[in-house]
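Biologist: Could you take me through one part of this structure slowly, as if I were new to all this? I'd like to see how a single piece fits in with whatever surrounds it.

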Amino acid sequence: MKLITAIIQPQKFDEVKDALAAAGVEGMTVSEVNGCGEQHGYTEVYRGASYSVNLIPKIRVEVAVRDADADPLVDIIVKTARSGNIGDGKVWVLPLDSVTRVRTGETDVDAI
């Protein structure tokens, strides 16, 4: 099993969610996060005063999947979230040793 984690732009979330649902993903965890990468933030002017915004709002999507499903789902996320601009995000995949569904006690692939 694998855990796919994607950091994407907020405006791309609905498209990514719909694409994952169309690919058969039934569950995901979504968080609003802040971070910076190559963008290093930006400067805004508010009422004549300029200030730096160093952390940019992003969406973190986590999906637990079978090993064979990981690469195709990463491709779907990347193609759907890509705008071609700096700040599109990152996707990484980690091994997932064990999963247990709390309600039923099912484990591993049955719990996904």
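Modeller: Here is a close look at one helix, starting with the sheet it lies on. Keep in mind that this is a predicted model.

Let's begin with the sheet. It is an open one, built from 4 strands in the order β2-β5-β1-β6, with antiparallel pairing. At the edges sit β2 (29-35) and β6 (89-95), and each of these pairs on one side only. Neighbouring strands are turned by 20° against each other on average, ignoring direction. As for what holds strands side by side in general, they pair through backbone hydrogen bonds, either parallel or antiparallel.

Now zoom in on some of those pairings. Strand β1 (residues 2-8) is joined to β5 (residues 56-65) by 7 bridges. Among the partners, Ile4 in β1 is matched with Val63 in β5, and Ala6 has Val61 as its bridge partner. Strand β5 is also joined to β2, again by 7 bridges; there you'll find Val33 standing opposite Lys58 of β5.

With the sheet in place, here comes our helix, α2. It covers residues 67-81 and lies across β1, β5 and β6, running at about 5° to β1. You can check its length yourself: at 1.5 Å a residue, 15 residues should span 21 Å, and the end C-alpha atoms are 22 Å apart, so the two agree.

Which residues of α2 are buried? They are Ala70, Leu73, Val74, Ile77, Thr80 and Ala81. What do they pack against? Their neighbours are β1, α1, β5 and β6. That brings in the other helix, α1 (residues 13-22), which packs on the sheet too, touching β1, β2 and β5.

Put these pieces together and you arrive at the nonpolar core. In soluble globular proteins, nonpolar side chains tend to be buried together. Here the largest such core has 16 residues, and Ile4, Ile8, Leu20 and Val61 have the most contacts inside it. At least two core residues come from each of β1, α1, β5 and α2, but the largest share, 5 residues, belongs to α2.

To finish, try clicking on Ile8. Leaving aside neighbours within four places in sequence, Ile8 is in contact with Phe13, Val16, Lys58, Ile59, Val61, Ala81 and Asp88. One of those, Ala81, is among the buried residues of our helix α2.

Technical notes. Residues are numbered from 1 along each chain as its sequence is written. This is a predicted model: local features need pLDDT of at least 70, side-chain atom pairs count only at pLDDT 80 or more; totals for chains, interfaces and linings use all residues. Side-chain values use heavy atoms; hydrogens and water are left out. Two strands pair if DSSP finds at least two bridges between them. Axes are lines fitted to C-alpha atoms, for helices over the stretch in contact, and angles run from 0 to 180 degrees between N-to-C directions. Contact means heavy atoms within 4.5 Å. The expected span of a helix is 1.5 Å times one less than its number of residues. Buried means under 20% relative accessible area, exposed over 50%, partly exposed in between (1.4 Å probe, protein chains only). A nonpolar core is a set of buried Ala, Val, Leu, Ile, Met, Phe, Trp, Tyr and Cys residues joined through side-chain atoms within 4.5 Å.
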